Amino acid sequence: MRVAVFSTKLYDRRFLDAANRGFGHDIRYFEARLDASTAALAEGFPAVCVFVNDRLDAAVLEALAKGGARLVALRCAGYNNVDLEAAERLGVSVVRVPAYSPEAVAEFTIGLILALDRNIPRAWTRVRDNNFALDGLIGRNLSGRTAGVVGTGRIGALVARTLRLGFGCEVLASDLVEDPELVAIGVRYAPVDQVLREADLITLHCPLTPGTRHLIDRDRLAAARPGVMIVNTSRGALIDTAALIGGLKSGKVGSVALDVYEQEADLFFEDLSNEIVQDDVFQRLLTFPNVLITGHQAFLTEEALSAIAETTLGSLADAEAGRALTCQITARSVRG
Ligand code: NAD
């Protein structure tokens with residue numbers, strides 16, 4: 001199948017080309033991000049392949065459909081950047097990669113928690129400067145602390161399990177559905193407000209939907225434990241960043257690790273080291289010694305990239321052959 005791949009990086013190309021030996025799709029790579037100004041590049045392609053920060057609102061989908069696209073393949077799990085109602089109306093099917101490697105994201109989340117908790121990035125920069133003083137590097141044991149896990153799907157369940165069994169945390173969890181296997185190892189489910197109020201460490205693993213946007217806001221931060229650690233490897237807009245900065249300034253929030261950021265589409269995945277970044281909110285976040293930020297890389301493992309490429313190209317083959325699209329996502333399936 002002819003497919004236009006947007007937001008292509010070298011690693012996307014490497015893994016898609018390797019997987020395509022088994023499929024033989026006609027792949028055209030574009031570095032550009034998909035939005036209203038670049039949609040014309042997809043003219044004549046029946047399939048379009050995109051990533052987390054490509055914009056698939058109604059206008060872009062209309063342009064794609066007009067250009068002949070009938071399939072959008074997301075090479076990610078999240079689908080918050082797609083107007084699924086518009087896609088359905090326009091007869092454009094949307095597929096995603098529901099589970100490429102939850103381990104990749106869960107392990108990275110644990111890495112962030114440990115790095116932040118034990119001041120590893122700060123210690124590393126000190127040692128490189130021959131500064132071996134330990135003042136300011138005092139951490140906390142994870143063992144015995146209460147972790148709040150919001151969303152115990154594929155990734156959240158692994159994080160909850162690791163924190164519970166690997167580190168001996170008390171784990172409070174919130175989800176629309178309880179996972180009996182987590183309950184069996186002592187994870188306790190509670191309403192989200194209780195989880196956010198009682199946790200020493202909050203880690204977010206639910207999808208971004210209208211209902212979860214700014215799940216962490218000023219009021220919930222006010223009700224949280226003093227010194228709470230907040231970790232987000234899910235989607236940036238789960239947190240009201242202005243409220244988070246307020247919490248950091250007042251000392252209410254003890255530390256923050258973010259792999260995702262509300263306005264990341266203007267920053268992440270690009271080398272901006274020679275530019276003046278205009279996002280003052282992001283720049284303010286970088287000034288805090290107790291904030292650790294990575295640029296949406298929790299998924300970035302060999303295993304995950306292989307699985308993403310295989311599943312994505314498999315969906316294209318299914319569409320071409322008229323088979324059922326097992327990874328399809330529709331407005332109705334999201335509503336449940
Ligand atoms: P999943 O669908 O397996 O799990 C999501 C869970 O959240 C489900 O159990 C669902 O019931 C629950 N949920 C939905 N609404 C909720 C709410 N209001 N409160 C509490 N729980 C709620 O998804 P997953 O594979 O575990 O991925 C989780 C999220 O991680 C994705 O939505 C995606 O945004 C993000 N993600 C980030 C990266 C990265 O590189 N940083 C990579 C993959 C996924």
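**Exercise 1. Find the polar contacts of the ligand with Gly153, Asp175 and Arg235.**

Start with the backbone. A polar backbone atom of Gly153 is 3.4 Å from an oxygen atom of the ligand. A polar contact here is a pair of N or O atoms within 3.5 Å. The model is predicted: local features need pLDDT of at least 70, side-chain atom pairs count only at pLDDT 80 or more, and totals for chains, interfaces and linings use all residues. Residues are numbered from 1 along each chain as its sequence is written, and side-chain values use heavy atoms, without hydrogens and water.

Go on to the side chains. Asp175 places a polar side-chain atom 2.6 Å from an oxygen atom of the ligand. For Arg235, an N or O atom of the side chain is 3.3 Å from a ligand oxygen atom. On its own, the ligand has 870 Å² of accessible area, and the protein covers 85% of that (Shrake-Rupley method, 1.4 Å probe).

**Exercise 2. Describe the shell around the ligand.**

Count first. There are 22 residues around the ligand, each with a heavy atom within 4 Å of it. Next, pick out the nearest: Tyr100, Arg154, Ile155, Asp175 and Thr233. Then sort by class. The shell has 9 nonpolar, 9 polar and 4 charged residues. Ala, Val, Leu, Ile, Met, Phe, Trp, Tyr, Cys and Pro count as nonpolar; Asp, Glu, Lys and Arg as charged; the others, Gly among them, as polar.

Last, locate the site. The ligand takes the space of the largest pocket. A pocket is an open set of points on a 1 Å grid over the protein atoms alone, with protein on both sides within 12 Å along at least five of seven lines. To sit there, a molecule needs more than half of its atoms within 2 Å of the grid points.

**Exercise 3. Characterise the cavities.**

In a cavity, a 1.4 Å probe fits but cannot get out. The count is 2 cavities of 30 Å³ or more. Volume is the space filled by probe spheres set on the points.

Take the largest, with about 90 Å³ of space. Its lining residues (an atom within 4 Å of a point) include Phe51, Arg75 and Phe299. α1 (10-20) and α12 (302-321) each supply at least two lining residues. α1 gives the most, with 4 residues. Helices are DSSP runs (H or I) of at least four residues, numbered from the N terminus. By class, the lining has 8 nonpolar, no polar and 2 charged residues.

Now the second largest, with about 30 Å³. Asn232, Gly236 and Tyr261 are among its lining residues. This lining has 5 nonpolar, 3 polar and 1 charged residues.

Technical notes: Polar contact = N/O pair within 3.5 Å; in protein donor to acceptor, adjacent residues only side chain to side chain.
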